[in-house]
Amino acid sequence: MEKVQAVRGTKDLIGEDYLRHQHIIRLAQNIADLYGYEGISLPIFEFSNIFKRSLGESSDVVGKEMYSFFDKGNEEITLRPEFTAGICRAYIANGLKQHLPLKLFTYGPLFRYERPQKGRQRQFHQVNYEFLGDGSPEIDAEMIAMAADFLEQVGVLKHTSLELNSLGCAETRKNYQANLVMYLKEYENQLSEDSKLRLTKNPLRILDSKDEEDKRIVANAPKIGDFFTSEAEDFFFKLQEYLKLFGVKYNVNDKLVRGLDYYNHTAFEFVTKDLGAQGTVLGGGRYNGLIKLLGGDETAGIGFAAGVERLSLLCQLPAKDLRPCAIIPLSNNEQNFAMKLAHDLRKHSIAIHLDLNTKFDKALKNAIKVNAKSAIFIGENELKNNQLKLKDLDTRVEEIISIDDVLERIKK
Ligand code: HAM
């Protein structure tokens, strides 16, 4: 018989994996609330063109990794490989211009046909923040400081370093790219196969090639900073001043270009050495011009996304704060009473652990396993007197209490 299994590169979230995932999303939502980011939820698929135009035909994501198909109406659809393009599409489609500046938070699954390995899946999850409608460096600094706050909350900031670059404005990019290509052409034969292709399609990506020979060549390549217009230079200078004000540490890395085409000015990544090859836990940057490219008005934008799976590999799960009370009937005769009591207490928002059709010894063991704070024992003799036995499972102190007092006692 055919083996029943999940698709390669996808993962079921079960037990601790599920708890870690939820924990990270809760912390991300909490940061969104603190910084005033509104929640937004988008469809999991869009017309393919939205991603092709935004991320760029020469990006790896569009070139090799999209899950695209023609639906029954013959529309070309793509499962979202990232959030930014969809958010800009939603901004235009819903006429949100009047609400600018907009701060938006979202999270959920994304799809990229990549080679699966530790920290890299074909269905993965991000938490994602975007700020639309303000193109000043204060916003970039606040956003990066927020990213650092989030990573600190998750407990992974100490395992990461912040890499920062400016890709300048369009004019900077144009001049720099021409010079870079001129330099790299001299070494064309020595470049890796990937980089040879990129030389015509997307030369800036050669800067962050992992190939050793490419790295050696790139080390002496012209630097983008030498091509900054005064506007781009001033922007990057101010951003760094604001980061110092926030006390956010960073390394300027002029080889950081990011894999998607829409970035300009600020590009940043929080990277770690603790995850092997997939070291980027969070990445983002400014994308002024993207909304215009998709058919909206000229609108500034900046944002970032963090990979939930990668954070999950690094974070420690806190001890569970919601500890249930276990209800344990001494025999089957008290089970109906136990069920009714559990139902009544849950209606008062009290977490109850109750095993049905389970022998006393096993039920007691299970109560310990689920880390119950207390247990209510229901015995025939006590019931006759309208009483129950309540035990604190931490201190082991037991007492007989009246059934009428049980709610008050448990609440305490
Ligand atoms: P990205 O760098 O492509 O940026 O992805 C952001 C993060 O998602 C990565 O740093 C990584 O943690 C996680 N990630 C990406 N691909 C995978 C994968 N195959 N498996 C597991 N985790 C993965 C973006 O997606 C941009 N939209 C970020 C952004 C928002 N820029 C501006 N606004």
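Contact here means heavy atoms within 4.5 Å. The structure is a predicted model.

**Exercise 1.** Determine which residues F270 is in contact with, leaving aside its neighbours within four places in sequence, and place F270 in the nonpolar core.

*Solution.* Step 1: once those neighbours are set aside, the contacts of F270 include I144, A147, A148 and L151. Step 2: F270 also contacts L157, T160, S161 and L162, as well as G279, T280, V281 and L282. Step 3: the largest nonpolar core comprises 89 residues, and F270 is among those with the most contacts inside it, together with V127, Y129, I144, F150, L282 and L311. Step 4: helix α5, spanning residues 137–154, contributes the most to this core, namely eleven residues. Step 5: a second core, separate and of 18 residues, includes L345, I352, L388 and V406.

**Exercise 2.** Describe the polar contacts of the ligand with T84, E130 and V281, and state how much of the ligand's accessible area the protein covers.

*Solution.* Step 1: T84 places a polar side-chain atom 2.9 Å from a ligand nitrogen atom. Step 2: for E130, a polar side-chain atom likewise lies 2.9 Å from a nitrogen atom of the ligand. Step 3: at V281 a polar backbone atom is 3.2 Å from an oxygen atom of the ligand. Step 4: on its own the ligand has 660 Å² of accessible area, of which the protein covers 95%.

**Exercise 3.** Identify the element that gives the most residues to the shell around the ligand, and classify the shell residues.

*Solution.* Step 1: 27 residues surround the ligand, and E82, E114, Q121, R258 and Y263 come nearest. Step 2: β10 gives the most to the shell, with six residues. Step 3: by class, the shell holds nine nonpolar, eleven polar and seven charged residues.

Terms used. Residues are numbered from 1 along each chain as its sequence is written. This is a predicted model: local features need pLDDT of at least 70, side-chain atom pairs count only at pLDDT 80 or more; totals for chains, interfaces and linings use all residues. Side-chain values use heavy atoms; hydrogens and water are left out. A residue is near a molecule or strand if one of its heavy atoms lies within 4 Å of it. A polar contact is a pair of N or O atoms within 3.5 Å; within protein, one must be able to donate a hydrogen and the other to accept it, and residues adjacent in sequence count only if both atoms are side-chain atoms. Accessible areas come from the Shrake-Rupley method with a 1.4 Å probe; for residues, only the protein chains shown count as cover. Helices (H or I, at least four residues) and strands (E, at least two) are DSSP runs, numbered from the N terminus. Ala, Val, Leu, Ile, Met, Phe, Trp, Tyr, Cys and Pro count as nonpolar, Asp, Glu, Lys and Arg as charged, and the others, Gly among them, as polar. A nonpolar core is a set of buried Ala, Val, Leu, Ile, Met, Phe, Trp, Tyr and Cys residues joined through side-chain atoms within 4.5 Å. Buried means under 20% relative accessible area, exposed over 50%, partly exposed in between (1.4 Å probe, protein chains only).
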